[in-house]
Amino acid sequence: MYYSTNGKAPAATLEKAVIRGLAEDRGLYMPERIPALPQEFYAHIQTMTFHEIACTVADALFGEDVPAADLHRIVEETLSFDCPVVPVTRSIGALELFHGPTLAFKDVGARFMARLLGHFTRNASDGRIIHVLVATSGDTGSAVANGFLGVPGVQVHVLYPKGKVSPIQECQFTTLGRNITALEVDGTFDDCQALVKNAFMDAELTERLRLTSANSINVARLLPQSFYYFHGYAQMKRLGLADQLVVCVPSGNFGNLCAALIAKRMGLPVKRYVAANNANDVFLEYLTTGTYTPRPSVPTLANAMDVGAPSNFDRILDLYGHDWEAVKADISGARCSDAEIRSTLSECLHKYGYQLDPHGACGFHAVWHRLSPGESVLLCETAHPAKFRQTVEEATGAPVALPERLAAFLQGEKQSVPMGRDYPAFRDYLSKLQ
Ligand SMILES: *Cc1c(COP(=O)(O)O)cnc(C)c1O
């Protein structure tokens with residue numbers, strides 16, 4: 001079962017937690033029990049494939065909620081790509097999380113959630129379609145749209161601000177068709193978010209339609225990200241670099257770091273964690289002062305981490321029993337300015353021949369020259385550098401090739417539904433759905 005971090009909502013099954021997203025008391029769902037995996041799993045992990053590792057972890061996390069055959073099929077379909085560790089320096093290995101369809105680590109969570117939702121709706125007695133509403137400023141929309149593409153029983157409606165997402169991002173959710181509809185809102189990202197919120201508060205509508213959101217606080221997006229860390233550990237072990245392993249996670253809403261911390265609770269031998277931030281450093285401030293002061297974000301070159309009020313902060317507090325000393329014992333923080341992002345992109349390429357992206361650069365900057373003797377680092381590379389081509393090319397002076405997968409999106413034909421930013425028009429659109 002899953003409990004709410006606010007403690008005022010009833011415990012929920014996985015199905016309910018996935019469909020609801022947030023608990024009734026607006027808290028975040030957490031698993032009541034985080035099962036430890038047996039020692040023999042860790043003793044042999046370096047001989048296992050990504051699929052085998054992920055199935056073992058998924059059995060432990062979801063095995064009581066989803067029959068094994070269905071769960072293994074969901075894992076199989078989710079992980080249709082690898083997450084290799086590429087050695088960068090003698091002690092730093094980059095875990096490349098960007099080989100999915102939209103070249104972002106969010107692909108795994110979005111694909112897993114889509115299939116899990118498909119599993120639950122297929123088995124639901126009423127056979128009604130689930131409508132997923134997502135407001136996006138760019139990356140979430142592409143990962144969710146691609147993750148849900150072709151999943152039976154689920155329709156996705158992506159709301160995005162007209163003229164305010166990059167052309168590549170726009171292509172990643174407007175060219176898909178099938179069960180994905182893009183709504184081009186004449187307004188800002190905040191307007192898109194307000195439209196989605198209005199729909200969820202519209203009692204008449206939610207009575208008639210099965211609506212859900214696919215934002216990153218959903219347990220079905222969060223928990224599967226722990227697969228990465230077991231797989232990354234296995235590869236570092238193969239390289240002989242797992243004895244004093246530091247895990248560094250470039251963080252925004254702290255979902256990915258949270259999944260990494262859960263992996264340690266399951267017994268993964270990690271010595272310590274580094275949460276790497278850009279100029280949005282409320283977490284670092286919390287670690288240094290003990291006070292958490294969320295505030296509006298500031299724009300940076302690593303824009304997927306421009307978060308001033310990380311939505312998973314409460315989950316981290318919850319995991320450590322709200323004990324500041326305990327949090328500090330396991331996690332250290334770091335901040336990286338735009339100037340440091342630029343110099344790190346350039347130095348890493350020219351010294352080691354490895355092309356970081358601006359988010360990975362925050363992580364590299366946080367650990368490079370800051371290790372104790374004997375330590376090695378598993379560094380999450382969260383996005384492909386081609387997604388931030390201009391920034392990277394300007395910083396390094398070297399060209400970045402556009403991967404075929406991204407180029408293919410640019411060939412597709414854009415299809416979108418124009419939408420005003422006031423609720424009545426959106427309501428009218430929703431009222432025509434079944
Ligand atoms: C979403 C994202 C992050 C931040 O991940 P969180 O789980 O929100 O901390 C970092 N880098 C990239 C490229 C992202 O898309």
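Select Arg178 to start: this residue sits in the loop between α7 (167-174) and β7 (180-185), where helices (H or I, at least four residues) and strands (E, at least two) are DSSP runs numbered from the N terminus. You are looking at a predicted model, in which local features need pLDDT of at least 70, side-chain atom pairs count only at pLDDT 80 or more, and totals for chains, interfaces and linings use all residues. Residues are numbered from 1 along each chain as its sequence is written, and side-chain values use heavy atoms, with hydrogens and water left out.

**Two loops with an unusual backbone angle**

Stay on Arg178 and check its backbone: phi is positive, about 50°, although Arg178 is not a glycine. Most residues other than glycine have a negative phi. Arg178 counts as exposed because its relative accessibility is 66%; buried means under 20% relative accessible area, exposed over 50%, and partly exposed in between (1.4 Å probe, protein chains only).

Now jump to His369, in the loop between α17 (358-367) and β12 (376-381). His369 also has a positive phi, about 65°, and is not a glycine. With a relative accessible area of 69%, His369 is exposed.

**Into helix α5**

Next, select residues 106-122, which form helix α5, and pick out Asp107 within it. Is Asp107 buried or exposed? Its relative accessibility is 1%, so Asp107 counts as buried. Show what surrounds this side chain: setting aside residues up to four places away in sequence, Asp107 touches Phe81, Gly100, Pro101, Thr102 and Ala143, where contact means heavy atoms within 4.5 Å. Add Thr78 to the view too; Asp107 and Thr78 are 29 residues apart in sequence, with 8.4 Å from C-alpha to C-alpha.

**Over to helix α18**

Move to Glu393, found in helix α18 (residues 389-396). Glu393 counts as partly exposed, because its relative accessibility is 26%. Beyond its neighbours within four places in sequence, which residues is Glu393 in contact with? They are Ala398, Pro399 and Val400. For a partner from another part of the chain, draw a distance to Leu345: the C-alpha atoms of Glu393 and Leu345 are separated by 9.3 Å, with their positions 48 residues apart along the chain.

**A stop at the cysteines**

Colour the cysteines and look for disulfides, defined as pairs of cysteine sulfur atoms within 2.5 Å. The structure holds 0 of them. Why is Cys55 unpaired? The closest cysteine sulfur, in Cys83, is 14 Å from that of Cys55, too far for a bond. Cys258 is in no disulfide either, and its nearest cysteine sulfur, that of Cys380, is 13 Å away. Cys55 counts as buried at 16% relative accessibility, and Cys258 counts as buried at 0%.

**Zoom out**

Finish with the whole protein chain in cartoon view, where you can find 20 helices and 13 strands. The radius of gyration is 21 Å, close to the 22 Å that the globule rule gives for 434 residues, so the chain is as compact as a globular protein of that length. That radius is taken over C-alpha atoms, and the rule is 2.2 Å times the number of residues to the power 0.38. Along its principal axes, the C-alpha trace spans about 65 × 50 × 40 Å. Colour by accessibility, and buried residues make up 58% of the 434. In a contact map, residues 24 or more positions apart account for 74% of the contacts with a separation of 6 or more.
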